[in-house]
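Open your viewer and keep the selection box handy. We will go from one stop to the next, and at each one I will say what to pick and what is there.

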Amino acid sequence: MDLATELWQRYQDWLYYHAELGLYVDISRMRFTPDFVSAMEPKLKQAFADMKALESGAIANPDEQRMVGHYWLRAPELAPTVDLRQDIVTTVDRIEAFVRDVHTGAVHPPNAAKFTNILSIGIGGSALGPQFVAQCLATAEPPLQISFIDNTDPDGIDLVLAQLGDRLATTLAIVISKSGGTPEAANGAKEVQYAYEQAGLDFSKYAVAVTGKDSSLEKLAKQSGWLDVFPMWDWVGGRTSELSAVGLLPAALQGVDIRAMLQGAKIMDAATRVENLKQNPAALLAIAWYFSGNGKGEKDMVVLPYKDRLLLFSRYLQQLIMESLGKEKDLAGNTVYQGIAVYGNKGSTDQHAYVQQLREGVANFFATFIEVLHDSDKPHPEVEVGITSGDYLSGLLQGTRQALYENGRDSITVTIPTVSALNVGALIALYERTVSFYASFVNVNAYHQPGVEAGKKAAAKVLALQTRLMELLKAEGGKLSLEQIAEKIAATSEIEVLYRIVRHLHANQRLHLEGELSKPASLLVSLN
């Protein structure tokens with residue numbers, strides 16, 4: 001049998017197709033063997049058992065003693081209690097009712113008939129999911145245009161607010177934070193409230209919160225009389241929250257069919273409960289990931305969606321996969337340093353950026369092609385005889401897949417018929433489920449993020465040190481060297497951090513430095 005015939009047979013043997021969704025998963029260009037598949041059977045069996053336990057309400061996040069139930073968002077009937085089922089159903093109904101009121105003008109800004117814009121304020125999963133869906137499913141003239149503040153960068157905030165300009169007076173602000181205390185979201189909310197106040201606008205008449213029960217944000221929103229508050233449940237992590245109020249509210253306000261998104265995810269969830277490798281798309285992806293990286297994340301995942309609307313898919317997957325799987329310890333407490341690095345951008349644009357290295361450079365990756373079969377709803381001209389622009393895009397995908405394989409580079413291809421609310425929901429669910437399977441394979445907790453929390457704690461220490469520094473300068477007056485400051489506030493081991501703090505404050509005219517900037521030890525620090 002020649003290679004072409006062999007690959008064609010392998011393609012048919014391993015091609016998954018879901019008739020209702022029109023979705024294909026092709027792992028035939030991963031070079032695993034029958035022996036590898038046989039050796040994975042015990043892990044697959046355990047993963048199916050783990051998934052059942054997860055969906056039935058087992059404590060899947062032992063660090064925080066929480067259930068993990070984002071699957072219930074699209075199938076409330078599976079939630080373990082009547083109260084949870086009712087909360088899920090009621091929340092979607094409330095979202096749709098609120099959106100109807102906004103679209104019709106029943107809920108409107110004080111000095112205008114309707115809201116024209118949305119300003120979504122959040123970080124991590126509270127921003128990436130809504131941004132991804134907005135990019136995927138945007139129309140030329142949505143009911144409301146959306147902007148995002150997803151960082152604590154003053155210049156970035158200034159730009160977003162400047163772009164809104166006078167439309168701030170008709171902009172609905174959605175503040176998304178489970179605890180209300182996440183610094184980036186909290187800072188963004190304060191910055192935005194300040195902007196409304198500077199414009200003579202009562203922020204409470206423009207603001208909506210999506211937050212946890214009894215959080216500081218919920219209390220603030222209710223005490224201040226914000227327009228509404230929608231729940232973030234503790235059993236939904238940020239990176240799996242797009243199909244909760246976090247993502248459904250902004251999507252619905254933009255005119256997206258959120259019921260179709262939920263339906264697509266529900267259909268995909270059902271497909272990934274099938275306890276047969278070849279009939280389970282998430283299990284197929286997970287076993288391919290495991291093979292490529294030898295179960296240790298030894299190869300990166302390069303995500304290449306061949307559709308402009310899927311531009312942000314690699315960013316979305318980056319958080320979902322890396323935050324879920326990037327763990328130092330496994331569930332038994334062993335040091336394992338697990339994870340899969342994810343990067344990528346759209347094809348064919350970024351073929352010009354890095355496909356040269358993918359084909360001929362370091363073979364430290366596997367590719368994931370995302371293919372969309374339908375080109376456009378509008379007629380397009382032939383760019384060559386019998387060839388359209390869409391044909392070129394398809395040809396470039398197929399050609400790149402073939403060129404990589406010929407040079408020893410493996411790939412996966414996921415194909416959807418079109419970028420629709422149904423299929424976007426299905427893609428979200430497919431990768432959520434794949435992460436769960438893979439986490440079971442490598443025995444890590446996919447639902448906590450101690451590294452992120454460690455970074456937050458370290459940042460808090462830096463800011464506390466800055467406060468002590470400024471208090472000292474106010475109390476002492478005059479000029480002090482970094483060494484004098486460190487001794488006086490008992491922070492001699494943090495002198496480099498102090499230097500970086502004063503350099504930042506000096507650049508923003510909040511204190512003064514004298515001396516040679518290239519020689520930190522020579523600097524004298526003062527308030528003026």
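## Stop one: two helices in contact

Begin by selecting Gly125, Ser126, Pro130 and Val133 in α5, and add Val246, Gly247, Pro250 and Ala251 in α9, which they meet. Sorted by type, the residues of this α5–α9 contact are five nonpolar, three polar and no charged. Keep in mind as you look around that this is a predicted model.

Now show both helices in full: α5 covers residues 125–137 and α9 covers residues 245–253. How far apart are their axes, and at what angle do the helices pack? The axes are 9 Å apart, and the angle is about 35°. As for handedness, the crossing of α5 and α9 is right-handed.

## Stop two: the sheet

Next, colour the strands β6, β5, β7, β8 and β9, in that order: these five form an open sheet with parallel pairing. Which strands stand at the edges? Select 145–149 for β6 and 228–231 for β9; each has a single partner strand, so one side of each has no neighbour in the sheet. Turn the view to follow the twist, which averages 20° from one strand to the next.

For a closer look, pick β7 (residues 171–177) and β8 (residues 207–211), parallel strands joined by five bridges. One pair to label is Val175 with Ala209, its bridge partner in β8.

Then bring in helix α4, residues 82–104, which packs on the sheet and touches β7, β8 and β9. The direction of α4 makes about 150° with that of β9. Helix α5, from the first stop, packs on the sheet too, touching β6 and β7, and its direction makes about 150° with that of β6.

## Stop three: a glutamine in a loop

Select Gln254, in the loop between α9 and α10 (258–271). Is Gln254 buried or exposed? Its relative accessibility is 10%, so Gln254 counts as buried, the cut-off being under 20%. Leaving out residues up to four places away in sequence, Gln254 touches Ile118, Ala134, Pro142, Pro143, Leu144 and Ile146.

## Stop four: the nonpolar cores

Finish with Ile27, Phe132, Leu249, Trp289, Phe313 and Tyr431, which touch the most other members of the largest nonpolar core, a set of 135 residues. Helix α15 (residues 421–442) gives the most to this core, with 14 residues. Another core of 20 residues lies apart from it; Leu482, Ile489, Leu505 and Leu513 are among its members.

Key: Residues numbered from 1 in each chain as written. Predicted model: local features only at pLDDT ≥ 70, side-chain atom pairs only at ≥ 80, totals over all residues. Heavy atoms only, no water. Axes fitted to C-alpha atoms, helices over the stretch in contact; angles between N-to-C directions. Helix = DSSP H or I, 4+ residues; strand = E, 2+ residues; numbered from the N terminus. Left-handed = near helix turned anticlockwise from the far one by under 90°. Contact = heavy atoms within 4.5 Å. Nonpolar A, V, L, I, M, F, W, Y, C, P; charged D, E, K, R; others polar. Pairing = 2+ DSSP bridges. Buried < 20%, exposed > 50% of the residue type's maximum accessible area, 1.4 Å probe, protein only. Core = buried A, V, L, I, M, F, W, Y, C linked by side-chain atoms within 4.5 Å.
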